[in-house]
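Trainee: Got a minute to walk through this one with me? I'd like to get the overall picture before the details.

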Amino acid sequence: MNADFTSEELAFQKEVRTFLDSEFPLEFRTKIDANRRLSKEEIICWQKILYKKGWAAPTWPVEFGGTGWSQIQRHIFATEMGLIGAPEPVPFGMKMVAPIIMEYGTNEQQKRFLPDILESNAWWCQGYSEPNSGSDLASLKTTAVREGDEYIVNGAKTWNTYGQYADWIFCLVRTDNTVKKQEGISFLLIEMSSPGITLRPIVLLDGHPEVNEVFFDDVRVPANNLIGEENKGWTYAKLLLTHERSNISGVPRGKRRLGTLKRIAADTDDGFGGSMLENSSFKKKVAEVEIELRALEYSELRTLAALSVGKAPGPESSILKIVGTELSQEIDELFVELAAYSCLPFVPEQFEDGFQGVPLGPGNSAYAALNYFNNRKASIYGGSNEIQRNIICKHVLGL
Amino acid sequence: MDFSYTQEQQMLKESVQKFVQKNYAFDARKQIIASEEGYSKENWELFAELGWLTVPFKEEDGGFGGSAVDLTVMMDEFGKSNLVEPFTPTVILSGGLISTLAGNDQKSGLLGPLMEGKLQLACAYAEADSRFNLSSVSTTATVEGDQVNIEGGKINVLNASNADKLLVVARESGGRTDREGISIFLVDSDSEGLLIQPYTNVDGKKAAQVGFASVSIPLTARLGKAGQALSALETVVDRATVAVSAEAVGALEVLLQKTVEYSKTRKQFGSPIGTFQALQHRMADMFIECQLARSIVIMAAMKLDGSDSDVEKSKAVSAAKSRVGKAIEKVGQEAIQIHGGIGMTEELDVGHLFKRVTAIDIQFGNSDYHTAKFASL
């Protein structure tokens, strides 16, 4: 039993580090360290840099332009990216719709959609959740009615992350109302510029319109945008649930944030002349999070080692999702605690492009509460943590 | 990267499983606890035959040369069966100290018989005022010519009433919590002035209060150099800490498994209680706790076997014990709660496992202690 990398893996790690050192743009790094969002153009620019290197799609097979990396190589890559704060490719195209197109799409669809995802020419968003269908996703009501060579789509989707940037949306739509709810769902790709689509931005607790509601009003979609068979969409969508989700635990990002937290804590007075880093109750909380991070890291490595020898990804990803998100939220809380009064100013625009004023400080303290509020989403999205517990109960404990 | 067991580890695991299946049913264990020794001599002889007593010792000392990971493989299975035989005090603690500190002449007379199952030992370190601080030692050792005079007292010394010899941590110089000045002495259990008051711990293990009223032993009974024993003690206790943490992980997994099984058969309001989501999610959380505890113990064992610095190793051990302590509290308490009334009784093994893991939580430092230690390193 060992957690060591082979010499080839170590060489690969070095290659990744060297690449990131020289190719991850300094201005992006500075921006991320200052907790400012990268713009759409900047995100695409970074993804194109990865594409140029041949590293745009670590999880794709070589035949579609992927890297063909082993599980361990993917882990190393994701770790090195996370440790310096480089953003992972936007997941909706690369990790969510692409595997479904590869598995169930026609050759024609694969040729039409995959290269644009790989080269970051097309931005995708997700059309699963609806205003009345959250955890009970299969109850969705957006309809698609076949008329000749087209589907006519009506309804509403919600929580579309960066729908305002998207060229395409992949949707679960109802094509049969007469059968069991899971059996009347189809998987449809829709161009965002189609007439009849409107977007309503939704401002989240941090003041940022990160998500949208998308309305479909008699939107005409070519029938050849259907993936696989009509009414089989639920089966296709479920592929995502078991599909490999590397770096789901967010361990490298957690390590990076804890490092930042400790640096700030060392320079923060506890009000009695000592530093927050040495404040006994704060120190204990930091240690507990560090310890939890280790437990999570080794849980992820155990999962990874099992995947490497060909075992199917199981409900372990539910553990990583639950613990990873809850831990990231605990780190958010520590930043809030550390910032104290200084996290209270609600000035979200100072983290946006084009802000001309002097940012409120010290440091990024005014970001702490914004991020705390924003990241409450982590235990809700991607199958809420309660749904993940249901998965564990059903598939592991047999309850 | 490889988290699978080697063939040898797999064999070791199966060997313990086979023994447990044959010799360690619930009632058999109860009888062992009720006996005067509180462990089975027959079992101990079998352990020797099976080679288990050699596992942690170096090959040059006649041992198996096992790694920390090997040790966790065994302890995991011991934990599942709630085994009471004094493996930790005799083999891991006392054996570990002898192996680390003793000179060759001392070793030969001790490690051989130990591995053959003919020697029982106890390690007396904790005191009334020490809590978990190994450097807090009030028991004194005063050299008088070629004799040493030991004065003081130790608490909760596991296996003391069965031990042929006690390894006693005593102070030769310095203040109560100084790191320097601590030595370890080998004291025959029939020494004059030695008062052993045996009792049974909550988990069924035999322990004792030990008093030293001017116990005189030869100077040659000191293990290693005068006043320099603390770092060896810390290293051995670190290893033992990982071992009992692994034992707890095995026990916790059984607690989870038994709780899930019970929830599928126990019916209330016309349905198995395992169909109630209020209980399901708590069992999911128990599962997560078990997995995290297992992961962090593997991490610590690997670190002990690896080439990290001593500080990194100690940090890893404290991280593991701290996290396992939390899992113990959560999984142990929930197992009793979900079992309901029957979980409160002596009739079910669940309660016995709960008591064992509770004792492990305290042994070598509880969660708070190790969290603070982790933060200070």
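Trainee: How does the radius of gyration of chain A sit against a compact globule?
Mentor: It agrees, because a compact globule with 399 residues would have a radius of gyration near 21 Å, and chain A has 22 Å. Keep in mind that this is a predicted model.

Trainee: OK, and what does the C-alpha trace of chain A span along its principal axes?
Mentor: About 75 × 50 × 50 Å.

Trainee: How many helices and strands are in chain A?
Mentor: Chain A has twelve helices and eight strands. Of its 399 residues, 38% are buried. And if you take contacts in chain A between residues at least 6 apart in sequence, 70% of them join residues at least 24 apart.

Trainee: Switching to the two chains together. How many residues does each chain put into the contact?
Mentor: Chain A puts in 28 residues and chain B 27. On the chain A side, helix H9 (280–308), helix H10 (316–339) and helix H12 (385–395) each give two or more residues.

Trainee: Which one gives the largest share of that side of chain A?
Mentor: H9(A), with twelve residues. By class, the side of chain A that touches chain B has 18 nonpolar, two polar and eight charged residues.

Trainee: Now chain B. Which domains does the assignment give?
Mentor: The domain assignment splits chain B into domain 1 (7–115), domain 2 (121–227) and domain 3 (231–376). The C-alpha centres of domains 1 and 2 of chain B are 23 Å apart. Their contact takes 17 residues from domain 1 and 14 residues from domain 2.

Trainee: Which helix gives the most on the domain 1 side?
Mentor: That's H5(B), with eight residues. Helix H6 (104–115) of chain B also supplies at least two. This side of domain 1 divides into eleven nonpolar, five polar and one charged residue.

Trainee: And the largest nonpolar core, which residues touch the most other members?
Mentor: Ala124(B), Leu252(B), Ile296(B), Val297(B) and Ala300(B), out of 162 residues in that core. Helix H8 (residues 277–305) of chain B gives the most to this core, with 17 residues.

Trainee: Let's zoom in on Ala300(B). What is it in contact with, leaving aside neighbours within four places in sequence?
Mentor: Ala300(B) contacts Val242(B), Ala316(B), Val317(B), Ala319(B) and Ala320(B).

Trainee: What does the second, separate core include?
Mentor: That one has 44 residues, among them Leu50(A), Met94(A), Val97(A) and Trp124(A).

Note on methods: Residues numbered from 1 in each chain as written. Chains lettered and ligands numbered in written order. Predicted model: local features only at pLDDT ≥ 70, side-chain atom pairs only at ≥ 80, totals over all residues. Domains from an automatic or database assignment. Contact = placed C-beta atoms within 7 Å. Helix = DSSP H or I, 4+ residues; strand = E, 2+ residues; numbered from the N terminus. Nonpolar A, V, L, I, M, F, W, Y, C, P; charged D, E, K, R; others polar. Rg over C-alpha atoms; globule rule 2.2 N^0.38 Å. Buried ≥ 20, exposed ≤ 12 C-beta atoms within 10 Å, placed from the backbone. Core = buried A, V, L, I, M, F, W, Y, C linked by C-beta atoms within 7 Å.
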